[in-house]
Amino acid sequence: MILPIVKYPDSILKRRCEPISSFDGYLHKLAESMVETMYAAPGVGLAAPQVGELVRLIVVDPKVGEESAQPLILVNPEVLWEEGKQRGEEGCLSIPGLTSVVERPFHIRVKAQTLEGEPLEVEGTELLARILHHEIDHLDGTLFIDRLSPLQREVLKRKIRKLMRSGEW
Ligand code: ZN
């Protein structure tokens, strides 16, 4: 089921999400709907608070739209280590149509669980590292807008206010 995506500045996006302890049918259904919602958007990643669920679940797919697309579903993801830095243009499905240059680690390793509760580790560089870091940020109420310089943030917020005034947000 395609779910509505919560948009900035909804306060739900600022909340810290709860760890998941029940690997039940509800969790499977939520993950399935999140993957469907990510592909429909389309986007390369989606975190549970973006569909209004304050739990630690993310879905990621750097190959969205390609034949080799394969969603990565991570329950309770945590960054184990990170190294290096990368700067690149980044957007967010909760801040549609707007992007900014954001600094992220170049290489990260993430510890998580599968939908069955089995331990899982994922390592990524470049785009995958950027997406994983962006989505895990969501679980702590952090948006890419929070990682910008004050000037970059003001420019972006001004654009959003303008869109809101014209009823396009
Ligand atoms: Zn996002």
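What spacing do the donors of the zinc ion follow along the chain? Let me answer that with the structure in front of us, keeping in mind that this is a predicted model. The donors follow the spacing C-x41-H-x3-H, and the residues behind that pattern are C92, which coordinates the zinc ion through SG, and H134 and H138, which each do so through NE2, at 2.0 to 2.3 Å.

If you look at where C92 and H134 sit, you will see that this pair links distant parts of the chain, since C92 belongs to strand β4, residues 86-92, while H134 lies in helix α2, residues 126-139, and the two are 42 residues apart. As for their surroundings, C92 has a relative accessible area of 10% and H134 one of 7%, and because buried means under 20%, C92 counts as buried, and H134 counts as buried too.

Let me now turn from the zinc ion to the strands, beginning with β2, which covers residues 57-60. From this strand, L57 and V59 point one way, whereas I58 and V60 point the other way, and all of these residues are buried.

Strand β2 also has pairing partners that are worth following by eye. With strand β1, residues 45-47, it runs antiparallel, and three bridges join the two; within that pairing, A47 stands opposite I58 of β2. With strand β3, residues 72-83, strand β2 again pairs in the antiparallel sense, here over four bridges, and in β3 the bridge partner of L57 is V75.

Conventions
Residues are numbered from 1 along each chain as its sequence is written. This is a predicted model: local features need pLDDT of at least 70, side-chain atom pairs count only at pLDDT 80 or more; totals for chains, interfaces and linings use all residues. Side-chain values use heavy atoms; hydrogens and water are left out. Buried means under 20% relative accessible area, exposed over 50%, partly exposed in between (1.4 Å probe, protein chains only). Two strands pair if DSSP finds at least two bridges between them. Donors are N, O and S atoms within 2.8 Å of the metal (3.2 Å for Na, K and Ca); water is not among the atoms, so sites may look incomplete.
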